[in-house]
Amino acid sequence: MKSLIFVFIPALTLACASGPSQELIGARSAYDDARMSPAAQHTPDRLLEAKQALDRAERAHQDDAAGFDEKNLAYIATRRSELAVVYGSFEADRRERATAEATYKARQDQIRREQSGELEQTRAQLGTAQTTLAGTQAELDKQRSLTAAALASLGEAAKVKDEERGTVITLDGSVFFASGKTTLLPIAEKKLDEVAKALNDTAADRTIVVEGHTDSNGSDSSNQKLSQDRADAVRSYLVTHGVKSEHITSVGKGESTPVASNDTAEGRANNRRVEIIIQKASPSR
Amino acid sequence: MTAQIKVLGAGVTLSLAVALGACGSTHTMPANYAPAQTAIGAADAIGAKNEPRAALHLKMARDAVAQAETLARHGDEHEAELTLERARTDAELALMVTREAAARREASTAKREVDSLPRTN
């Protein structure tokens, strides 16, 4: 038993003396951390330096376990591993920054391109709209001048005027109809031929309303009927002469909408009338 | 010509100082002394003292230099060399920690700038 103690104690002492110092244990751990850090990918040369420093400490441990050299070299190895980690992080930061700057530039370029594209698109749309508007305006002007020219020959029997509701052709009732009658006079038919031609040439697709009006002589109901019948007569004539029936309507207004006083013969003559209203074209899109 | 004279003058002054220093002491500084001091100077110049972790390593480096000077004075050349190597490594770490902190801030700023841009299609 005594001999066993003599063998065991020196062996235990030797084992304790040959164990690594806390510094060396720390250095190994630091190196393991460094190996798992971005340094392995980004700065392998620094990791190699750390490994070499650790190997130096390990050799010192072999030569003189837990001696001055082992402890100091282990300290240095720990710092070298930490340096490798910091170098790795530094490189990762540098790359992140470069990526962010490249992304920033690319995105700025893209924004610039998109803005430029949008601007060009808007310009093109504006140009198209202006061209369309100019075309529409020219067409309107042309139609107006054609209508005016075509109706100029109607002379005193008809007046043409641009109003808010459209181009209004006012036909003199006393020229177109015999007193109290709804049958068109021959002279009226001749004039309406010209009106029909003008409408077909210049306002084929426009909505047309024929309004009949009377003076205040007679009852309201008889005036209403007379005005409606006269408007119908004009509408029918125009339809038989080429104006599309779906584009033209007729309405009797009776004595409700005088344009002059019914107290004088001249005023009453002005109130007896048929108006052909060519409504304005819908704005083009 | 004047510049040459100044450089010559500085060289003579330095040589005299070294010679006097050599005469005034009984030991020479270990080989690792200059690299350690250079590393400390570099870390200091980059502003390591303003970065807490770097400042700690910078202090460790300076302490190690002081310790090495004592060891050298006592003729413990080998111990002084190793201690100076420790000082240099701590100073290098202080330097890199400072640089990494700056790089991290710059990366963060660059990423924030990207995020500040409007999203594209």
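In the predicted model, Glu163(A) has Gly166(A), a residue of strand 2 of chain A, as its bridge partner. This pair belongs to the junction of strand 1 and strand 2 (residues 166–172) of chain A, which run antiparallel and are joined by six bridges. In general, the strands of a sheet pair through backbone hydrogen bonds, and the pairing may be parallel or antiparallel.

Strands 1 and 2 are part of an open sheet of five strands in chain A, arranged in the order 1-2-5-3-4 with mixed pairing. Strand 1 (158–163) and strand 4 (248–252) of chain A form the edges, each pairing on one side only. On average, neighbouring strands of this sheet are turned by 20° against each other, direction ignored.

Two helices of chain A contact these strands. Helix 7 (residues 186–202) of chain A lies across strand 2, strand 3 (208–213) and strand 5 (273–278) of chain A, and runs at about 10° to strand 5. Helix 8 (residues 220–240) of chain A packs on the sheet, where it touches strand 2, strand 3, strand 4 and strand 5 of chain A. The direction of helix 8 makes about 165° with that of strand 4 of chain A.

Over all chains, the whole structure holds 29 salt bridges. One of these joins the side chains of Arg165(A) and Glu211(A), with an N to O distance of 3.5 Å. Because Arg165(A) lies in the loop between strand 1 and strand 2 of chain A, whereas Glu211(A) lies in strand 3 of chain A, the pair ties together parts that are 46 residues apart in sequence.

Chain A also meets chain B, in a contact that takes 27 residues from chain A and 31 residues from chain B. The area buried between the two chains is about 2,900 Å², and carbon and sulfur atoms give 64% of this area. Five salt bridges are counted between chain A and chain B. Among them is the pair of Arg79(A) and Asp90(B), whose closest N and O atoms are 2.6 Å apart. Between the two chains, ten residue pairs are in polar contact, both residues being at pLDDT 80 or more. Helix 5 (residues 68–152) of chain A supplies the largest share of the side of chain A that touches chain B, namely 26 residues. By class, this side of chain A comprises eleven nonpolar, five polar and eleven charged residues.

Note on methods
Residues numbered from 1 in each chain as written. Chains lettered and ligands numbered in written order. Predicted model: local features only at pLDDT ≥ 70, side-chain atom pairs only at ≥ 80, totals over all residues. Heavy atoms only, no water. Contact = heavy atoms within 4.5 Å. Buried area = accessible area lost by both parts, 1.4 Å probe. Salt bridge = Lys/Arg side-chain N within 4 Å of Asp/Glu carboxyl O. Polar contact = N/O pair within 3.5 Å; in protein donor to acceptor, adjacent residues only side chain to side chain. Helix = DSSP H or I, 4+ residues; strand = E, 2+ residues; numbered from the N terminus. Nonpolar A, V, L, I, M, F, W, Y, C, P; charged D, E, K, R; others polar. Pairing = 2+ DSSP bridges. Axes fitted to C-alpha atoms, helices over the stretch in contact; angles between N-to-C directions.
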